[in-house]
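I sat down with this one at the bench and kept a running notebook. Here is what I looked up, entry by entry.

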Amino acid sequence: CGKAPVGPPTMQPNLLMVTFDTLRADHLGAYGSSAGLTPNFDALASKSVMFDNAYAVSSTTSPSHATIFSGLYPNEHGVLKNGIELSGDVTTVAEVLRDNGYSTAAFVSSYAVNQLFGLDQGFDLYDQDFNFKRRRLGVLTAEAASEWISGQPNDKPWCVWVHFMDPHKPYV
């Protein structure tokens, strides 16, 4: 019987960051809903780190995501509403991860997080294949992200951000 290695792991973990516009946590099985609407998310959540208390700094998409990726409040990063560009002077978690050996990719579903607004900082790939209504169905976003992830080599860590807009109005 050998001893377990001592020290830090030889490879960094892969990171999957999932954001939903306007989705209430209590509608997910992982957070207590019994409606059975989110079996795939619930299965993923059962093997993931989850947070019981998370609060948006804004009721608007772009400022909230700029805060998620920078760790700064809107008055600090400057994105106070949708359509304002995140300054290149602001360092994002994607930049830090990329600079530390991660492959980084984002797959987004809404024009509100278009790369024109600076949220692409640090992502090697920023996939935003929107339709004429400036959106992409979540199933298409998930397929694109899954395809990218499955093509990644096993010897390099990756970080992927997947953004879903489906719960947002207009409700289909």
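The entries below go through pockets, a helix, a buried acid, salt bridges and backbone angles.

**Entry 1: ground rules**

I am working from a predicted model, where local features need pLDDT of at least 70, side-chain atom pairs count only at pLDDT 80 or more, and totals for chains, interfaces and linings use all residues. I number residues from 1 along each chain as its sequence is written, and side-chain values use heavy atoms, with hydrogens and water left out.

**Entry 2: the largest pocket**

I looked up the pockets next. A pocket is an open set of points on a 1 Å grid over the protein atoms alone, where a 1.4 Å probe fits, with protein on both sides within 12 Å along at least five of seven lines; lining residues have an atom within 4 Å of a point. A volume is the space filled by probe spheres set on the points, which are joined across faces, edges and corners.

For the largest pocket I noted a volume of about 1,700 Å³. It has 44 lining residues, and Val18, Thr19, Phe20, Ala54 and Ile68 are the closest to its centre. Strand E1 (15-20), helix H1 (39-45) and helix H2 (61-70) are the elements that give two or more residues to this lining. Helices (H or I, at least four residues) and strands (E, at least two) are DSSP runs, numbered from the N terminus.

I also sorted the lining of the largest pocket by type: 26 nonpolar, 15 polar and 3 charged. Here Ala, Val, Leu, Ile, Met, Phe, Trp, Tyr, Cys and Pro count as nonpolar, Asp, Glu, Lys and Arg as charged, and the others, Gly among them, as polar.

**Entry 3: the second largest pocket**

The second largest pocket comes to about 640 Å³. I found 22 residues in its lining, with Phe20, Asn40, Phe41, Ala142 and Phe164 nearest its centre. E1, H1, helix H5 (138-150) and strand E4 (158-164) each give two or more residues to it. Which element gives the most to this lining? It is H5, with 6 residues. By type, the lining of the second largest pocket holds 16 nonpolar, 5 polar and 1 charged.

**Entry 4: helix H2**

I went back to H2 to check burial (buried means under 20% relative accessible area, exposed over 50%, partly exposed in between, with a 1.4 Å probe and protein chains only). H2 is largely enclosed by the rest of the structure, because 9 of its 10 residues are buried. Among the buried ones are Pro63, His65 and Phe69. The buried residues of H2 pack against E1, H3, H4 and E4, where contact means heavy atoms within 4.5 Å.

**Entry 5: Glu95 and its neighbour Val90**

Glu95 caught my eye in helix H4 (residues 93-99). What is the nearest side chain of opposite charge to Glu95? It is Arg98, 4.7 Å away, and Glu95 is buried with no salt bridge. A salt bridge needs a side-chain nitrogen of Lys or Arg within 4 Å of a carboxyl oxygen of Asp or Glu. For charge, Lys and Arg count as positive and Asp and Glu as negative, while His and the chain ends are not counted.

Leaving out residues up to four places away in sequence, Glu95 touches Val90, Gln121 and Gly122. I followed that to Val90, in the loop between helix H3 (74-77) and H4. Val90 counts as buried because its relative accessibility is 9%. Its contacts, with the same sequence neighbours left out, include Ser70, Leu72 and His77.

**Entry 6: salt bridges**

I counted 3 salt bridges in the structure.

- Arg24 pairs with Asp26, with the closest N and O atoms 2.7 Å apart; Asp26 is partly exposed at 40%.
- Arg98 pairs with Asp99 at 3.1 Å between the closest N and O atoms; Arg98 is partly exposed at 32%, and Asp99 is exposed at 55%.
- Asp127 meets Arg136 at 2.6 Å, N to O; Arg136 is buried at 6% relative accessibility.

**Entry 7: positive phi**

Last, I looked for positive phi angles. Gly71, just after H2, has a phi of about 80°. Thr22 is not a glycine, yet its phi is positive, near 60°; I place Thr22 in the loop between E1 and H1. Arg134, also not a glycine, has a positive phi of about 65°. Arg134 sits in the loop between strand E3 (125-127) and H5, and is partly exposed at 48% relative accessible area.
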